[in-house]
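The exercises below concern one protein model. Each has a task and a solution in steps.

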Amino acid sequence: MSIRLMNAPNNYPFTNGWGLYPERQSDIDRRRPSAKRLLGVIDGTKNVNAKDWQFALGTLEVAFRSVAGESTRDWFTLANHLGQPSRALAHDIYECFRKLKELDRRSEAASDVFDRLEEMALPDILQAYRSSTSEDDPQPTDIREGWCHILWSHDRPDQILVGAVHGNPLEVVSVLDRRAPGIRHGVLAAWQVEDPDWAATQIARTFALSLDQIGLAAVPASEGFARVKLLTENAVWKTIVRSPWHIEGSDASMDEQADVVHEVLAPAP
């Protein structure tokens, strides 16, 4: 599980819910050219000097680390801009970037990492980012349906909302915000799944609670985070979709993705 789940977020003054803040323009201005440079290196159409190469890797490493750790106040917004890679996929890409920073990009070892990144659909993910953040003609990501999620609001910091829905987390957050004007609800964690009905059944069984009309169960944070770990031991995580480019089937290696605690994560701003 993400380090973010160990502590309720402190993102005062709560102009948006956790994970749902807009991506800062200064970050976009660094990430867009970095994505372009990396795409050029991957397809062999761009010669990037060593300084720009390291800058691009470092910039994108931080972006994927944010999604992998759900650790910044704009993490879900950023995940959508990237085309919605799963946490585990974002973590795998982040680890590849860490390796590349230590390698000569023309070496055989670097070539092997590039091959791995292409298998992970990194070129598609970077193209999705550039399309969704285009200043002239942005193409927003069409959020897929069928999610498990953990939601949170600052007015009830000691409680989490665990659930599953056929729609998406933003729709559920919108309903909660309408029910409580002035209260901002956010996304602590979210996983797109193949079978939200099965996920809902597993959540109800794990927490011994019924889900409400919008597919949520309120759980004290003190016990809820520990029980989230139990979900990694049943089949719900086997239905997690790795990305829109891996939609044809679940990745068996994802079984424990919700139990991964990353040692190096960006602190919440």
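**Exercise 1. Classify Gln84 as buried or exposed, then place it and describe its backbone.**

Step 1. At 3% relative accessibility, Gln84 counts as buried; buried means under 20% relative accessible area, exposed over 50% and partly exposed in between, with a 1.4 Å probe and protein chains only.

Step 2. The position of Gln84 is in the loop between α3 and α4. Helices (H or I, at least four residues) and strands (E, at least two) are DSSP runs, numbered from the N terminus.

Step 3. Gln84 is not a glycine, yet its phi is positive, at about 70 degrees.

A note on the source: this is a predicted model, in which local features need pLDDT of at least 70 and side-chain atom pairs count only at pLDDT 80 or more, while totals for chains, interfaces and linings use all residues. Residues are numbered from 1 along each chain as its sequence is written, and side-chain values use heavy atoms, with hydrogens and water left out.

**Exercise 2. Describe Glu70 in the terms used for Gln84.**

Step 1. Glu70 sits in the loop between α2 (50-69) and α3.

Step 2. Its relative accessibility is 0%, so Glu70 counts as buried.

Step 3. Glu70 has a positive phi of about 45 degrees and is not a glycine.

**Exercise 3. Summarise the protein as a whole.**

Step 1. There are 9 helices and 4 strands in the protein. From the N terminus on, the order of elements is α-α-α-α-α-α-β-β-α-β-α-β-α.

Step 2. Of the 269 residues, 54% count as buried. The accessible surface is about 12400 Å², and 48% of it belongs to carbon and sulfur atoms; the areas come from the Shrake-Rupley method with a 1.4 Å probe, and for residues only the protein chains shown count as cover.

Step 3. Among contacts with a separation of 6 or more, 73% are between residues 24 or more positions apart. Contact means heavy atoms within 4.5 Å.

**Exercise 4. Which residues do Val48, Leu57, Tyr129 and Asn80 touch, leaving aside neighbours within four places in sequence?**

Step 1. Val48, in the loop between α1 (25-43) and α2, is buried with a relative accessible area of 5%. Val48 is in contact with Arg37, Val41, Trp53 and Arg105. Its C-alpha atom is separated by 8.5 Å from that of Leu38, 10 residues apart along the chain.

Step 2. Leu57 belongs to helix α2 and counts as buried, at 0% relative accessibility. The contacts of Leu57 are Leu38, Phe97, Leu100 and Lys101. Between the C-alpha atoms of Leu57 and Ser34, 23 residues apart along the chain, the separation is 7.4 Å.

Step 3. Tyr129 is part of helix α6 (residues 122-132) and is buried, with a relative accessible area of 2%. Its contacts are Glu23, Asp27, Ile28, Arg31, Arg32, Leu78, His81 and Leu82. Tyr129 and Arg31 are 98 residues apart in sequence but 8.7 Å apart in space, C-alpha to C-alpha.

Step 4. Asn80, in helix α3 (residues 75-81), is buried with a relative accessible area of 10%. Asn80 touches Thr141, Ile143 and Leu170.

**Exercise 5. Describe how α4 packs on α5, and how α1 packs on α6.**

Step 1. Two packed helices are described by the angle between their axes and the distance between the axes. Axes are lines fitted to C-alpha atoms, for helices over the stretch in contact, and angles run from 0 to 180 degrees between N-to-C directions.

Step 2. The axes of α4 (residues 87-101) and α5 (residues 108-119) come within 10 Å and cross at roughly 165 degrees. The two helices are therefore roughly antiparallel (under 35 degrees is roughly parallel, over 145 roughly antiparallel, 65 to 115 roughly perpendicular, the rest oblique).

Step 3. On the α4 side the contact is made by Asp92, Ile93, Cys96, Phe97 and Leu100, and on the α5 side by Ala110, Val113, Phe114, Arg116 and Leu117. By class there are 8 nonpolar, no polar and 2 charged residues; Ala, Val, Leu, Ile, Met, Phe, Trp, Tyr, Cys and Pro count as nonpolar, Asp, Glu, Lys and Arg as charged, and the others, Gly among them, as polar.

Step 4. The axes of α1 and α6 come within 10 Å and cross at roughly 145 degrees. The residues of this contact divide into 10 nonpolar, 1 polar and 5 charged.
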